[in-house]
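Thanks for coming, everyone. Let me put today's structure on the screen, and then we will walk through it.

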Amino acid sequence: MMGCKEEAVFFPDLPAHFPKVIIPEDNAINQARIALGRKLFFDPNISLDSSMSCLSCHLPEFALADTLPRSLGVHGQKGLRNAPSLYNAAYLDLINKDGGVTKLDLQALVPIEDENEMALPIVRLHQRLLKDPDYVALAREAYDREPDAYAISRALATFVRTLHSADAPYDRFLQGDSTALSSLARQGLQLFSSDRLNCTGCHSGPLQTSNDFANNGLYKSYADLGRGLITMDSSDHGKFRIPSLRNVALTAPYMHDGSLSNLAAVLDHYENINLSTAPLKSAKLRSFQLTPSERESLMAFLHALTGDESRSTDL
Amino acid sequence: MKFLKRFTFIALATSLFVAPGCKKDGDDGTDLAKLSLEFAFKVGSEDLVFGDNYEINGKMVNFEAANYYIGGLKMTQEDGTTIDLSQNYLLAGLGNSANVQGELQLSNLVTTSFFVGVDAATNMQTETDFTARPSGDPLGVQDPAMHWNWMTGYKFLRIDGSVDTDADGMPDTPIAYHLGSAAMLKNLEFNQTITIKGGDNTLTFELDVEKFFTGVDLAVEVDTHTGNNLPLAERLRDNLETSLTIN
């Protein structure tokens with residue numbers, strides 16, 4: 001765990017209701033590592049044809065998510081799933097929608113090496129960066145080694161750890177500002193937290209997710225097995241990591257495959273969950289009907305999860 | 001078992017001479033023994049050459065990658081000595097080889113056991129992941145990659161290439177067979193005599209790719225990354241029983 005001093009230096013704006021950021025012992029956070037990670041994050045040379053950087057699929061104006069259902073890679077092919085927001089990724093213990101990557105320090109290898117994303121084997125990226133004196137110097141300062149797979153993946157993880165969204169009207173409400181949420185949004189919060197809807201059964205806490213894996217009944221049969229790909233347990237077919245709802249108003253489209261284009265479609269899906277024939281859908285799902293005013297209040301609350309800085313291009 | 005001795009690998013073609021534990025009467029003066037481990041890949045009776053076309057199960061195919069991990073290697077000699085290399089991993093691939101360093105008895109091998117894969121603890125990479133391993137470590141970064149990027153862990157076996165799906169004689173549809181995860185670890189044991197004499201000795205691990213694909217329609221079953229096609233992965237794992245031999 002990170003000490004108070006590091007927290008004050010690197011995460012000065014985290015409110016008290018946010019959990020502590022967990023920093024791995026073998027990748028302590030410091031300015032040199034953040035600098036290397038930031039440079040890599042913005043650099044299209046980490047892709048095969050030097051056309052794509054992390055920003056290609058994690059757009060600052062949209063809370064570091066993508067506006068496409070599935071992002072396009074260097075070959076013009078669609079990626080496997082909808083690109084998630086990178087805000088608050090520091091809190092993930094199992095990474096990706098299927099939880100296949102067990103630590104954030106290895107996550108960057110996924111998009112860099114995936115044939116449908118940046119398509120550049122990490123060995124070759126290492127060789128490419130060796131030709132750049134700036135990267136050689138930064139990696140030496142940050143990790144006392146070449147800009148190899150270890151330095152690349154850990155530096156990117158370090159930079160991503162600094163990306164937080166904790167400045168929404170909802171956060172100010174939790175900190176005691178009763179005026180931070182409109183009357184409508186407060187009604188929406190009550191509805192959201194009710195047993196009747198049970199949204200908090202999956203979307204709970206300050207991160208608005210339990211970070212568990214669940215089948216939300218989207219399909220009867222899933223082409224993408226999700227968690228089941230990793231565990232090879234058929235009972236996990238169609239389970240995906242429950243996403244955070246922070247900045248949800250900015251991160252359309254929705255679902256693991258980006259198949260629902262807006263929040264209204266998401267509400268429609270859950271309102272009609274009783275019609276879902278998905279055999280493995282979560283027992284936490286509730287059947288309910290919303291009045292127009294209830295729908296409006298729920299929308300108001302979901303919009304109140306948008307951070308003030310979540311459209312910022314100043315990362 | 002008489003006694004267990006610790007051995008290690010030198011995974012490069014460096015010659016090492018080791019003193020024998022005992023010397024046979026009547027020897028012609030050759031009293032040193034060394035053992036090299038080599039990896040052969042065949043397609044039936046032919047040597048596998050990347051890029052060359054082969055017909056397997058009626059389909060034209062070529063290959064561009066063929067690698068697998070060997071772990072838990074133990075060899076028992078006629079005199080009861082066990083050569084224990086179970087703490088090491090080998091990466092089998094075209095052109096790879098390894099030399100065994102240690103005291104080698106002048107006694108034939110009678111049992112060779114190992115697994116294809118990576119043990120569960122190492123595969124989880126909780127403490128040391130592949131990026132942290134030094135250059136030259138078989139479990140370190142490889143090209144072609146032997147790590148999954150979308151799932152933490154190793155590809156125990158990787159065979160990539162292309163297949164002809166439209167019968168025009170041109171293999172141009174990619175094929176990829178990647179086995180990984182605990183369920184794919186395959187234990188193998190060979191109770192056969194491998195002669196150990198003074199001087200150079202070679203133990204060859206030979207994978208017959210044609211036998212490996214027994215029962216597989218390569219033009220239809222073009223890939224498995226294990227989790228996305230577990231039944232095919234299991235069939236391929238089981239085919240190792242008959243396709244991987246030693247000599």
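How far apart do the C-alpha centres of domain 1 and domain 2 of chain A lie? They lie 27 Å apart. One caution before I go on: this is a predicted model.

Let's stay with chain A. Its two domains are domain 1, residues 4–161, and domain 2, residues 169–303. They touch each other. On the domain 1 side, 22 residues take part, and on the domain 2 side, 26 residues. Look at the domain 1 side by class: twelve residues are nonpolar, six are polar and four are charged.

Now the helices. Two packed helices are described by the angle between their axes and the distance between the axes. I have two pairs to show you.

Start with α2 of chain A, residues 31–42, and α6 of chain A, residues 149–161. Their axes are 7 Å apart, and the packing angle is about 95°. An angle of 65 to 115 degrees counts as roughly perpendicular, so α2(A) and α6(A) are roughly perpendicular to each other. Who makes the contact? From α2(A) we have R33(A), I34(A), L36(A), G37(A), R38(A), L40(A) and F41(A). They meet A151(A), I152(A), A155(A), L156(A), T158(A) and F159(A) of α6(A). By class, that contact holds nine nonpolar, two polar and two charged residues.

Second pair: α8 of chain A, residues 183–192, with α11 of chain A, residues 292–303. Here the axes come within 7 Å and cross at roughly 95°. That crossing makes α8(A) roughly perpendicular to α11(A). The contact residues of α8(A) include L184(A), L189(A) and F192(A), and those of α11(A) include L298(A) and F301(A). The class count for this contact is eight nonpolar, three polar and two charged.

On to the cores. Which residues have the most contacts inside the largest nonpolar core? They are I152(A), L156(A), I70(B), F156(B) and V209(B), in a core of 109 residues. That core takes at least three residues from each of domain 1 and domain 2 of chain A. There is also a second, separate core of 14 residues, with A168(A), L181(A), L298(A) and L305(A) among them. We have met some of these names already. I152(A) and L156(A) sit in the α6(A) side of the first helix pair. L298(A) belongs to the α11(A) side of the second.

Take I70(B) as a close-up. Setting aside neighbours within four places in sequence, I70(B) is in contact with Y89(B), L90(B), A92(B), F114(B), V116(B) and F205(B).

That brings us to chain B. Chain B has three helices and 15 strands. It has 247 residues, and 38% of them count as buried. Take the contacts in chain B with a separation of 6 or more: 77% of them join residues 24 or more positions apart.

How does chain B meet chain A? The contact involves 15 residues of chain B and 19 residues of chain A. The chain B side has seven nonpolar, six polar and two charged residues.

One local example of a sequence-distant pair: K211(B) and L244(B) are 33 residues apart along the chain, and their C-alpha atoms are separated by 8.6 Å. K211(B) is in helix α2 of chain B, residues 209–212. Beyond its neighbours within four places, K211(B) is in contact with N239(B), T242(B) and S243(B). Buried or exposed? K211(B) counts as partly exposed, because it has 18 C-beta neighbours inside 10 Å.

Last stop: the backbone. There are two cis peptide bonds to show. One joins A252(A) and P253(A), with omega about 5°. P253(A) is in the loop between β2 and α10 of chain A. Another runs from D143(B) to P144(B), with omega near 5°. P144(B) lies in the loop between α1 and β10 of chain B.

Then two positive phi values. N198(A) is not a glycine, yet its phi is about 55°. N198(A) sits in the loop between α8 and β1 of chain A. S181(B) has phi near 90°, and lies in the loop between β11 and β12 of chain B. Which of these is buried? S181(B) counts as buried, because it has 23 C-beta neighbours inside 10 Å. N198(A) has 17, so it counts as partly exposed.

That's the tour. Questions, please.

Terms used: Residues are numbered from 1 along each chain as its sequence is written. Chains are lettered from A and ligands numbered from 1 in the order in which they are written. This is a predicted model: local features need pLDDT of at least 70, side-chain atom pairs count only at pLDDT 80 or more; totals for chains, interfaces and linings use all residues. Two residues are in contact if their C-beta atoms, placed from the backbone, lie within 7 Å. Ala, Val, Leu, Ile, Met, Phe, Trp, Tyr, Cys and Pro count as nonpolar, Asp, Glu, Lys and Arg as charged, and the others, Gly among them, as polar. Helices (H or I, at least four residues) and strands (E, at least two) are DSSP runs, numbered from the N terminus. A residue is buried if 20 or more other C-beta atoms lie within 10 Å of its own, exposed if 12 or fewer, and partly exposed in between; C-beta atoms are placed from the backbone. A nonpolar core is a set of buried Ala, Val, Leu, Ile, Met, Phe, Trp, Tyr and Cys residues joined through C-beta atoms within 7 Å. Domain bounds come from an automatic or database domain assignment. Axes are lines fitted to C-alpha atoms, for helices over the stretch in contact, and angles run from 0 to 180 degrees between N-to-C directions. Angles under 35 degrees count as roughly parallel, over 145 as roughly antiparallel, 65 to 115 as roughly perpendicular and the rest as oblique.
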